[in-house]
Amino acid sequence: ARAPWRSERMTAALPARALWCLNLDAEDELRTGAGYTPSRATLAAVAIAREAARALLGPDDVLLGEAPVTPGEGDELRRGVAWCPTPSALARLAAAGAHVPAAPSLATLREVNASRFTYDVLGARLSDAQVVCSLDAAERWLAARLPSEPVWLKRAFGAAGRGKLRAQGGALAPHTRAFLSPAELSLGVVLEPHVAITLEVSQHALLAPNGSLVVGAPCVQTVDRGRFVSVRPALDQELEPGEARSLEATLGHLAEALHRVGYFGPLGVDAYRYVDVKGLARWNPCGELNARYTMGYAVGMGGAASR
(Lines give C-alpha, C1' and ligand atoms only; values in the text may rest on other atoms or scores of the structure.)
Protein backbone atom coordinates (compact mmCIF):
# COMPACT_ATOMS: atom_id res chain seq x y z
CA ALA A 1 0.00 0.00 0.00
CA ARG A 2 1.20 3.49 -0.74
CA ALA A 3 2.42 5.35 2.36
CA PRO A 4 0.30 8.44 3.18
CA TRP A 5 3.28 10.76 3.08
CA ARG A 6 5.50 12.30 0.48
CA SER A 7 9.16 13.22 0.47
CA GLU A 8 9.89 16.70 -0.81
CA ARG A 9 11.28 20.03 0.26
CA MET A 10 8.76 22.41 1.76
CA THR A 11 8.02 25.06 -0.84
CA ALA A 12 4.44 26.24 -0.24
CA ALA A 13 4.45 29.58 1.54
CA LEU A 14 2.45 29.88 4.73
CA PRO A 15 1.06 33.24 5.88
CA ALA A 16 3.70 35.47 7.43
CA ARG A 17 3.48 37.69 10.52
CA ALA A 18 3.43 34.98 13.16
CA LEU A 19 3.66 35.53 16.91
CA TRP A 20 6.03 32.96 18.40
CA CYS A 21 6.16 31.45 21.87
CA LEU A 22 9.54 29.77 22.16
CA ASN A 23 8.66 27.64 25.19
CA LEU A 24 11.90 25.70 25.25
CA ASP A 25 10.93 24.29 28.65
CA ALA A 26 8.11 22.29 27.04
CA GLU A 27 9.51 18.96 28.24
CA ASP A 28 9.24 20.19 31.83
CA GLU A 29 5.58 21.00 31.28
CA LEU A 30 4.98 17.64 29.61
CA ARG A 31 6.49 15.91 32.63
CA THR A 32 4.53 17.98 35.14
CA GLY A 33 1.20 18.20 33.32
CA ALA A 34 -1.56 20.68 34.07
CA GLY A 35 -0.66 23.53 36.39
CA TYR A 36 2.99 23.72 35.33
CA THR A 37 4.85 26.81 36.54
CA PRO A 38 8.50 27.28 35.47
CA SER A 39 11.10 28.11 38.08
CA ARG A 40 13.32 31.19 37.86
CA ALA A 41 16.24 28.97 36.96
CA THR A 42 14.25 27.41 34.13
CA LEU A 43 13.20 30.80 32.78
CA ALA A 44 16.81 31.96 32.83
CA ALA A 45 17.98 28.85 30.98
CA VAL A 46 15.23 29.26 28.38
CA ALA A 47 16.19 32.90 27.80
CA ILE A 48 19.77 31.89 27.06
CA ALA A 49 18.83 29.00 24.74
CA ARG A 50 16.20 31.05 22.92
CA GLU A 51 18.79 32.88 20.81
CA ALA A 52 19.63 29.69 18.93
CA ALA A 53 15.94 29.15 18.13
CA ARG A 54 15.41 32.55 16.48
CA ALA A 55 16.19 31.02 13.09
CA LEU A 56 12.63 29.67 13.18
CA LEU A 57 11.21 33.19 12.90
CA GLY A 58 10.48 34.83 9.58
CA PRO A 59 11.46 38.48 8.94
CA ASP A 60 7.99 39.77 9.86
CA ASP A 61 7.45 37.46 12.82
CA VAL A 62 7.37 38.66 16.42
CA LEU A 63 8.65 36.90 19.52
CA LEU A 64 6.20 36.92 22.40
CA GLY A 65 7.09 39.60 24.93
CA GLU A 66 9.48 41.52 22.70
CA ALA A 67 7.09 43.74 20.72
CA PRO A 68 3.43 44.75 20.70
CA VAL A 69 1.18 42.46 18.70
CA THR A 70 -0.38 44.34 15.80
CA PRO A 71 -2.37 42.88 12.91
CA GLY A 72 -0.50 42.57 9.67
CA GLU A 73 -1.87 43.92 6.43
CA GLY A 74 -4.97 41.90 5.55
CA ASP A 75 -4.80 39.98 8.83
CA GLU A 76 -7.23 40.18 11.70
CA LEU A 77 -4.72 38.64 14.08
CA ARG A 78 -1.21 37.34 13.97
CA ARG A 79 -0.93 33.57 13.87
CA GLY A 80 0.19 32.08 17.14
CA VAL A 81 3.00 29.54 16.82
CA ALA A 82 4.60 27.64 19.70
CA TRP A 83 7.85 25.69 19.89
CA CYS A 84 5.61 22.99 21.38
CA PRO A 85 1.86 23.72 21.68
CA THR A 86 1.50 22.97 25.37
CA PRO A 87 -1.46 24.44 27.28
CA SER A 88 0.62 27.19 28.88
CA ALA A 89 2.13 28.23 25.54
CA LEU A 90 -1.26 28.39 23.85
CA ALA A 91 -2.69 30.38 26.76
CA ARG A 92 0.14 32.90 26.54
CA LEU A 93 -0.41 33.34 22.81
CA ALA A 94 -4.16 33.77 23.27
CA ALA A 95 -3.63 36.30 26.06
CA ALA A 96 -1.35 38.29 23.74
CA GLY A 97 -4.12 38.54 21.17
CA ALA A 98 -2.86 36.01 18.63
CA HIS A 99 -5.02 33.64 16.68
CA VAL A 100 -4.29 30.24 18.21
CA PRO A 101 -4.79 27.37 15.76
CA ALA A 102 -5.87 23.85 16.66
CA ALA A 103 -3.23 21.76 18.40
CA PRO A 104 -2.81 18.18 19.64
CA SER A 105 -4.04 17.49 23.17
CA LEU A 106 -1.67 17.53 26.14
CA ALA A 107 -2.13 13.76 26.49
CA THR A 108 -1.04 13.28 22.87
CA LEU A 109 1.97 15.58 23.26
CA ARG A 110 3.02 13.65 26.37
CA GLU A 111 2.69 10.30 24.60
CA VAL A 112 4.59 11.16 21.43
CA ASN A 113 7.41 13.10 23.08
CA ALA A 114 8.14 10.48 25.73
CA SER A 115 11.41 8.67 25.06
CA ARG A 116 9.66 5.29 25.05
CA PHE A 117 7.39 6.20 22.09
CA THR A 118 9.97 5.27 19.46
CA TYR A 119 10.58 1.96 21.25
CA ASP A 120 6.87 1.20 21.25
CA VAL A 121 6.70 1.95 17.51
CA LEU A 122 10.08 0.80 16.18
CA GLY A 123 11.46 -1.49 18.85
CA ALA A 124 15.08 -1.27 19.98
CA ARG A 125 17.63 0.05 17.47
CA LEU A 126 20.69 -0.65 19.62
CA SER A 127 21.62 -4.09 20.87
CA ASP A 128 20.10 -4.88 24.30
CA ALA A 129 18.49 -1.43 24.68
CA GLN A 130 15.12 -1.51 26.41
CA VAL A 131 12.49 0.43 28.34
CA VAL A 132 12.07 -0.34 32.04
CA CYS A 133 9.27 0.64 34.41
CA SER A 134 10.60 -0.82 37.65
CA LEU A 135 13.75 -0.56 39.73
CA ASP A 136 14.18 -4.34 39.69
CA ALA A 137 14.21 -4.37 35.88
CA ALA A 138 16.79 -1.58 35.82
CA GLU A 139 18.98 -3.40 38.35
CA ARG A 140 18.87 -6.62 36.32
CA TRP A 141 19.79 -4.77 33.13
CA LEU A 142 22.74 -3.01 34.75
CA ALA A 143 23.90 -6.17 36.54
CA ALA A 144 24.23 -7.91 33.17
CA ARG A 145 26.93 -5.39 32.22
CA LEU A 146 30.50 -4.95 33.37
CA PRO A 147 31.29 -2.14 35.82
CA SER A 148 33.60 -0.69 33.14
CA GLU A 149 30.81 -0.59 30.56
CA PRO A 150 29.23 2.87 30.12
CA VAL A 151 25.47 3.09 29.58
CA TRP A 152 22.82 5.78 29.21
CA LEU A 153 19.62 6.19 31.19
CA LYS A 154 16.98 8.39 29.54
CA ARG A 155 13.93 9.66 31.38
CA ALA A 156 10.65 10.08 29.53
CA PHE A 157 11.13 13.81 29.02
CA GLY A 158 14.35 15.74 28.55
CA ALA A 159 16.04 18.20 26.23
CA ALA A 160 19.42 19.91 25.80
CA GLY A 161 21.16 17.11 27.68
CA ARG A 162 18.74 17.16 30.62
CA GLY A 163 16.87 14.01 31.57
CA LYS A 164 19.82 11.77 30.68
CA LEU A 165 22.41 10.12 32.89
CA ARG A 166 25.60 8.38 31.87
CA ALA A 167 26.23 5.52 34.27
CA GLN A 168 28.21 2.30 34.52
CA GLY A 169 27.14 -1.31 34.43
CA GLY A 170 27.19 -3.53 37.48
CA ALA A 171 25.67 -2.68 40.82
CA LEU A 172 23.24 0.22 41.02
CA ALA A 173 25.15 3.28 42.27
CA PRO A 174 23.39 5.68 44.70
CA HIS A 175 23.19 8.54 42.17
CA THR A 176 21.78 6.16 39.55
CA ARG A 177 19.19 4.91 42.02
CA ALA A 178 18.17 8.51 42.73
CA PHE A 179 17.80 9.16 39.00
CA LEU A 180 15.43 6.20 38.75
CA SER A 181 12.71 7.63 40.94
CA PRO A 182 9.29 5.89 41.09
CA ALA A 183 7.71 8.83 39.25
CA GLU A 184 10.19 8.58 36.37
CA LEU A 185 9.97 4.78 36.21
CA SER A 186 6.18 4.99 35.99
CA LEU A 187 6.65 6.90 32.72
CA GLY A 188 9.27 4.48 31.39
CA VAL A 189 13.04 4.95 31.41
CA VAL A 190 15.09 3.98 28.36
CA LEU A 191 18.32 2.08 29.01
CA GLU A 192 20.90 2.02 26.21
CA PRO A 193 24.53 0.97 25.84
CA HIS A 194 26.95 3.81 25.17
CA VAL A 195 28.23 3.93 21.58
CA ALA A 196 30.89 6.04 19.88
CA ILE A 197 28.97 8.39 17.58
CA THR A 198 30.83 9.61 14.48
CA LEU A 199 28.09 11.51 12.63
CA GLU A 200 24.84 13.01 13.94
CA VAL A 201 22.04 13.65 11.45
CA SER A 202 18.50 14.99 11.63
CA GLN A 203 15.59 15.09 9.22
CA HIS A 204 12.49 17.18 9.71
CA ALA A 205 8.94 17.18 8.44
CA LEU A 206 5.55 18.84 8.79
CA LEU A 207 2.65 16.48 9.48
CA ALA A 208 -0.80 17.77 8.52
CA PRO A 209 -3.98 16.84 10.45
CA ASN A 210 -5.04 14.64 7.51
CA GLY A 211 -1.82 12.62 7.72
CA SER A 212 -0.02 14.09 4.71
CA LEU A 213 3.64 14.83 5.27
CA VAL A 214 6.14 17.25 3.77
CA VAL A 215 9.71 16.06 4.38
CA GLY A 216 12.82 18.21 4.48
CA ALA A 217 16.41 17.43 3.59
CA PRO A 218 18.85 15.69 5.96
CA CYS A 219 21.05 17.90 8.13
CA VAL A 220 24.25 17.30 10.03
CA GLN A 221 24.24 18.42 13.65
CA THR A 222 26.97 19.26 16.09
CA VAL A 223 25.99 18.41 19.65
CA ASP A 224 28.06 18.81 22.81
CA ARG A 225 26.98 16.61 25.73
CA GLY A 226 23.44 16.59 24.45
CA ARG A 227 23.29 20.35 23.85
CA PHE A 228 22.75 21.78 20.39
CA VAL A 229 25.74 23.65 18.93
CA SER A 230 25.09 24.02 15.20
CA VAL A 231 23.36 22.51 12.18
CA ARG A 232 23.98 22.57 8.43
CA PRO A 233 22.57 20.80 5.36
CA ALA A 234 24.16 17.42 4.77
CA LEU A 235 26.66 17.42 1.93
CA ASP A 236 26.17 15.31 -1.18
CA GLN A 237 27.13 11.70 -0.42
CA GLU A 238 27.83 12.54 3.24
CA LEU A 239 25.24 9.92 4.10
CA GLU A 240 25.48 6.48 2.58
CA PRO A 241 22.52 5.77 0.26
CA GLY A 242 21.27 3.10 2.63
CA GLU A 243 21.48 5.50 5.57
CA ALA A 244 19.49 8.18 3.77
CA ARG A 245 16.81 5.69 2.74
CA SER A 246 16.63 4.24 6.23
CA LEU A 247 16.30 7.69 7.83
CA GLU A 248 13.48 8.79 5.53
CA ALA A 249 11.65 5.47 5.83
CA THR A 250 11.90 5.64 9.62
CA LEU A 251 10.61 9.21 9.63
CA GLY A 252 7.66 8.12 7.50
CA HIS A 253 6.91 5.15 9.76
CA LEU A 254 6.97 7.38 12.82
CA ALA A 255 4.79 9.96 11.10
CA GLU A 256 2.15 7.29 10.47
CA ALA A 257 2.27 6.34 14.16
CA LEU A 258 2.04 9.99 15.19
CA HIS A 259 -1.00 10.48 12.98
CA ARG A 260 -2.72 7.42 14.47
CA VAL A 261 -2.52 8.84 17.99
CA GLY A 262 -3.68 12.33 16.98
CA TYR A 263 -0.45 14.30 16.58
CA PHE A 264 0.01 16.88 13.83
CA GLY A 265 2.61 19.61 13.41
CA PRO A 266 6.39 19.80 13.09
CA LEU A 267 8.65 16.88 13.89
CA GLY A 268 12.26 15.88 13.66
CA VAL A 269 14.10 12.57 13.82
CA ASP A 270 17.68 12.44 15.06
CA ALA A 271 19.83 9.60 13.71
CA TYR A 272 23.51 8.79 13.92
CA ARG A 273 26.39 6.72 12.59
CA TYR A 274 28.45 4.99 15.26
CA VAL A 275 31.24 2.49 15.75
CA ASP A 276 30.40 -0.80 17.47
CA VAL A 277 32.61 -2.76 19.89
CA LYS A 278 34.26 -4.51 16.92
CA GLY A 279 35.16 -1.20 15.29
CA LEU A 280 32.56 -1.52 12.53
CA ALA A 281 30.49 1.44 11.34
CA ARG A 282 26.80 1.08 12.19
CA TRP A 283 23.70 3.22 11.67
CA ASN A 284 20.89 4.05 14.07
CA PRO A 285 17.98 5.53 12.04
CA CYS A 286 16.33 6.99 15.13
CA GLY A 287 18.17 8.05 18.24
CA GLU A 288 15.39 10.45 19.24
CA LEU A 289 12.08 11.80 17.99
CA ASN A 290 11.02 15.40 18.64
CA ALA A 291 7.32 15.97 18.02
CA ARG A 292 7.75 19.76 18.03
CA TYR A 293 10.02 22.34 16.44
CA THR A 294 13.77 21.91 16.85
CA MET A 295 16.85 24.10 16.57
CA GLY A 296 17.56 22.59 13.14
CA TYR A 297 14.03 22.72 11.74
CA ALA A 298 14.43 25.92 9.70
CA VAL A 299 17.63 24.65 8.06
CA GLY A 300 16.15 21.22 7.42
CA MET A 301 12.97 22.63 5.88
CA GLY A 302 14.75 25.23 3.78
CA GLY A 303 13.87 28.47 5.56
CA ALA A 304 12.07 30.07 8.47
CA ALA A 305 9.49 27.75 10.00
CA SER A 306 6.68 30.26 9.67
CA ARG A 307 7.03 30.32 5.87
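**Ala196, the core and helix H2**

Me: At 43% relative accessibility, what does Ala196 count as?
Reply: The cut-offs go like this: buried is under 20% relative accessible area, exposed is over 50%, and partly exposed is in between (1.4 Å probe, protein chains only). Ala196 sits at 43%, so the label is partly exposed.

Me: What pLDDT does the protein average?
Reply: This is a predicted model, where local features need pLDDT of at least 70, side-chain atom pairs count only at pLDDT 80 or more, and totals for chains, interfaces and linings use all residues. Residues are numbered from 1 along each chain as its sequence is written, and side-chain values use heavy atoms, with hydrogens and water left out. pLDDT is the predictor's confidence in each residue, from 0 to 100. Here 89% of the residues score at least 70, and the protein averages 89.

Me: And over which residues is the pLDDT below 50?
Reply: Contact means heavy atoms within 4.5 Å. The stretch in question has 35 contacts in the model beyond near neighbours in sequence. Even so, the pLDDT is below 50 over residues 1-14.

Me: Back to Ala196: what separates its C-alpha from that of Val275?
Reply: Ala196 is in strand S8 (residues 196-207); strands (E, at least two residues) and helices (H or I, at least four) are DSSP runs, numbered from the N terminus. Not counting residues up to four places away in sequence, Ala196 touches Arg273, Tyr274 and Val275. Ala196 and Val275 are 79 residues apart along the chain, yet their C-alpha atoms are separated by 5.5 Å.

Me: Which helix gives the most to the largest nonpolar core?
Reply: A nonpolar core is a set of buried Ala, Val, Leu, Ile, Met, Phe, Trp, Tyr and Cys residues joined through side-chain atoms within 4.5 Å. The largest has 48 residues, and Trp20, Leu258 and Leu267 are among those with the most contacts inside it. With 6 residues in this core, the top giver is helix H9 (residues 241-260).

Me: Where does H2 bend?
Reply: H2 (residues 40-53) reaches 20 Å from its first C-alpha to its last, close to the 20 Å expected at 1.5 Å a residue, where the expected span is 1.5 Å times one less than the number of residues. A bend is the angle between axes fitted to the seven residues ending at a residue and the seven starting there. For H2 that angle is about 25°, at Ala47.

Me: Which helix do the buried residues of H2 pack against?
Reply: Those buried residues are Thr42, Val46 and Ala53. Their packing partner is helix H1 (26-32).
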